[in-house]
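Student: I've got this model open at the bench and I'd like a close look at just one part of it. Could you pick the part where the strands come together and walk me through it, with enough of the rest to place it?

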Amino acid sequence: MISDEGQMQAARVTRDAADKASAAADRMEAAAHRIGVLLEDGYGGNGLRLMLALEDEQARNKKPCIWNLPAEGPYMTSCGEAFEFTVDRPKENGVKFCPFCGCELKLNIIT
Ligand SMILES: [Zn+2]
């Protein structure tokens with residue numbers, strides 16, 4: 001049985017998450033609008049180039065960041081950083097993306 005306080009807390013957390021998602025959607029829409037305006041006026045004749053650059057960037061971000069876990073020591077990331085959790089692995093800590101490069105995280109346990 002969840003206490004009233006627990007329920008209120010859960011409701012607050014849910015509301016905060018919904019507010020954040022809504023704000024993020026607003027920001028994306030604003031960014032898309034800005035890009036649309038830039039493309040419409042040709043962005044100094046570079047509209048198409050800008051679009052291709054954005055697509056390149058998206059494709060780059062889809063490549064996963066490989067986190068190699070040696071027998072001892074921290075994770076060595078494929079983007080050239082090192083990271084260590086106090087306990088457990090990224091999944092147990094809710095980490096899905098590399099905090100350094102922003103790419104999706106993929107584990108490679110070296111035994
Ligand atoms: Zn990375």
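Tutor: Here's the walk-through, starting with the whole chain, then going into the sheet, and ending with a look back at the helices.

Some housekeeping. Residues are counted from 1 along each chain, as the sequence is written. What you have is a predicted model, where local features need pLDDT of at least 70, side-chain atom pairs count only at pLDDT 80 or more, and totals for chains, interfaces and linings use all residues. That pLDDT is the predictor's confidence in each residue, from 0 to 100. For the protein chain the mean is 83, and 90% of the residues reach 70 or more.

Now the overall layout. The protein chain has two helices and four strands, following the pattern α-α-β-β-β-β along the sequence. Its radius of gyration is 20 Å, well over the 13 Å that the globule rule gives for 111 residues, so the chain is more spread out than a compact globule. (The radius is taken over C-alpha atoms, and the rule is 2.2 Å times the number of residues to the power 0.38; helices, H or I with at least four residues, and strands, E with at least two, are DSSP runs numbered from the N terminus.) Along the principal axes, the C-alpha atoms fill a box of roughly 55 × 50 × 15 Å. There's a split into domain 1 (1-61) and domain 2 (63-111), with bounds from an automatic or database domain assignment. The C-alpha centres of these two domains are 26 Å apart.

On to the sheet. It is open, with four strands in the order β3-β2-β1-β4 and mixed pairing. At the edges sit β3 (82-83) and β4 (105-109), each pairing on one side only. "Pairing" here needs at least two DSSP bridges between two strands.

Follow β1 (residues 65-69) outwards. On one side it pairs with β4 in the parallel sense, over five bridges, and Asn 68 stands opposite Asn 108 in β4. β1 is also joined to β2, antiparallel, by two bridges, with Trp 67 partnered by Thr 77. β1 and β2 make a hairpin with five residues between them, and Gly 73 in that turn has a positive phi of about 95°.

Next, β2 (residues 75-77) runs antiparallel to β3, again joined by two bridges. Met 76 has Ala 82 as its bridge partner in β3. Among the chain's elements, β3 has the highest mean pLDDT, 96. After β3 comes the loop leading to β4, and Asp 88 lies in that loop. Asp 88 isn't a glycine, yet its phi is positive, about 60°. Asp 88 counts as exposed, with 9 C-beta neighbours inside 10 Å.

What holds the centre of the picture? The largest nonpolar core has five residues: Cys 65, Trp 67, Tyr 75, Cys 98 and Leu 105. Such a core is a set of buried Ala, Val, Leu, Ile, Met, Phe, Trp, Tyr and Cys residues joined through C-beta atoms within 7 Å. "Buried" means 20 or more other C-beta atoms within 10 Å of a residue's own, "exposed" 12 or fewer, and "partly exposed" in between, with C-beta atoms placed from the backbone. Of the 111 residues, 5% count as buried. From the core, Cys 65 touches, among others more than four places away in sequence, Thr 77, Cys 98, Cys 103 and Leu 105. Touching, or contact, means C-beta atoms, placed from the backbone, within 7 Å. Across the chain, 40% of the contacts with a separation of 6 or more join residues 24 or more positions apart.

Finally, a look back at the helices. Ile 35 is in α1 (residues 4-40) and counts as partly exposed, with 15 C-beta neighbours inside 10 Å. Leu 54, in α2 (residues 47-62), is exposed, with 12 other C-beta atoms within 10 Å. The C-alpha atoms of Leu 54 and Ile 35 are separated by 10.0 Å. From Ile 35 to Ile 66, by contrast, it's 32 Å in space, C-alpha to C-alpha, for 31 residues in sequence. Read α2 with its confidence in mind: its mean pLDDT, 75, is the lowest among the chain's elements.

Definitions and conventions. Two residues are in contact if their C-beta atoms, placed from the backbone, lie within 7 Å.
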